[in-house]
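Biologist: Could you take a close look at one part of this model for me? I'd like to hear about a single loop residue and how its surroundings fit into the fold.

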Amino acid sequence: MGFQTILAMCLIACIYGDIMKIDTTGASEKTAKQDKLTVKGVAASKKLAERDLARMEQYKSKIIKVGRAKQMDPAVIAAIISRETRAGAALKNGWGDHGNGFGLMQVDKRYHKLVGKWDSEEHLTQGTEILTGFIKQIRAKFPTWTKEQCFKGGISAYNAGVKNVRTYERMDVGTTGGDYSNDVVARAQWFKSKGY
């Protein structure tokens with residue numbers, strides 16, 4: 001890895017916080033049961049991410065490119081794709097969530113004007129912009145929170161909205177599986193170890 005790449009990754013980590021410094025309890029039992037796992041927590045999140053890795057690899061260059069352009073850690077983009085669509089495996093013709101969620105990052109057609117194909121760079125850019133917008137809204141809502149706390153809060157809001165984030169400790173109450181940000185953070189930490 002060259003100096004420029006390391007510098008770029010450092011700058012990305014500095015803007016929204018460092019995903020590796022965020023505490024996480026990982027996947028709930030409900031989420032772990034998707035794959036009939038007998039473990040839950042961080043171990044389950046890692047296992048779920050690992051099972052998505054082969055499919056994720058086909059999108060890796062786009063994920064990294066969008067991450068750099070939008071100053072978002074590519075590991076977080078990969079983790080959201082893993083959580084939302086199992087790296088595309090859960091989609092039918094690019095759609096999920098009963099026909100409301102579009103693409104790898106499940107942009108909701110009820111709230112957003114969709115752009116690009118379901119697996120395109122344009123789609124990943126839109127999903128990432130939605131995420132960074134939520135992080136900024138969480139920062140405004142909780143000005144005393146650290147960068148990492150706002151980062152995790154923005155991830156939770158990506159699933160259930162800013163209104164759902166009321167306290168740091170209970171931010172996943174009301175999210176899908178009751179574990180959204182914790183699972184995504186744990187998956188992101190694992191994807192980081194795989195070069196995302």
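What follows is a walk from the whole fold down to that one spot.

Modeller: Sure, with the reminder up front that this is a predicted model. Let's start with the whole thing. The protein has 8 helices and 3 strands, and read from the N terminus the order is α-α-α-α-α-β-β-β-α-α-α. Its radius of gyration is 15 Å, close to the 16 Å that the globule rule gives for 196 residues, so the protein is as compact as a globular protein of that length. The C-alpha trace spans about 35 × 35 × 35 Å along its principal axes. Of the 196 residues, 52% count as buried. If you take contacts between residues at least 6 apart in sequence, 57% of them join residues at least 24 apart. As for the outside, the accessible surface comes to about 9600 Å², and carbon and sulfur atoms hold 53% of that.

Now the close look: Leu104. You'll find Leu104 in the loop between β2 (101-102) and β3 (107-108). Is Leu104 buried or exposed? Its relative accessibility is 0%, and since the cut-off for buried is under 20%, Leu104 counts as buried.

So what is Leu104 in contact with, once its neighbours within four places in sequence are left aside? One set of partners comes earlier in the numbering: Tyr59, Ile81, Glu84, Thr85, Ala87, Gly88 and Leu91. Then there are Trp118, Asp119, His123 and Leu124. Glu121 makes a handy distance check here: Leu104 and Glu121 sit 17 residues apart along the chain, with 10 Å between their C-alpha atoms.

Ile81 is worth following from there, as this partner of Leu104 also takes part in a helix-helix contact. Helix α3 (residues 42-56) packs against helix α5 (residues 74-85) at an angle of about 105°, and their axes are 10 Å apart. That makes α3 roughly perpendicular to α5. On the α3 side the contact uses Leu48, Ala49, Asp52 and Met56, while α5 brings Ala78, Ile81 and Ser82. By type, the residues of this contact divide into 5 nonpolar, 1 polar and 1 charged.

For another loop residue to set beside Leu104, try Ser28, which lies between α1 (3-16) and α2 (29-32). Ser28 counts as buried too, at 18% relative accessibility, because the cut-off is under 20%. Leaving aside neighbours within four places in sequence, Ser28 is in contact with Lys40, Gly177 and Asp179.

Terms used:
Residues numbered from 1 in each chain as written. Predicted model: local features only at pLDDT ≥ 70, side-chain atom pairs only at ≥ 80, totals over all residues. Heavy atoms only, no water. Axes fitted to C-alpha atoms, helices over the stretch in contact; angles between N-to-C directions. Helix = DSSP H or I, 4+ residues; strand = E, 2+ residues; numbered from the N terminus. Parallel < 35°, antiparallel > 145°, perpendicular 65-115°, else oblique. Contact = heavy atoms within 4.5 Å. Nonpolar A, V, L, I, M, F, W, Y, C, P; charged D, E, K, R; others polar. Rg over C-alpha atoms; globule rule 2.2 N^0.38 Å. Buried < 20%, exposed > 50% of the residue type's maximum accessible area, 1.4 Å probe, protein only. Areas by Shrake-Rupley, 256 points an atom, 1.4 Å probe, with all protein chains shown as cover.
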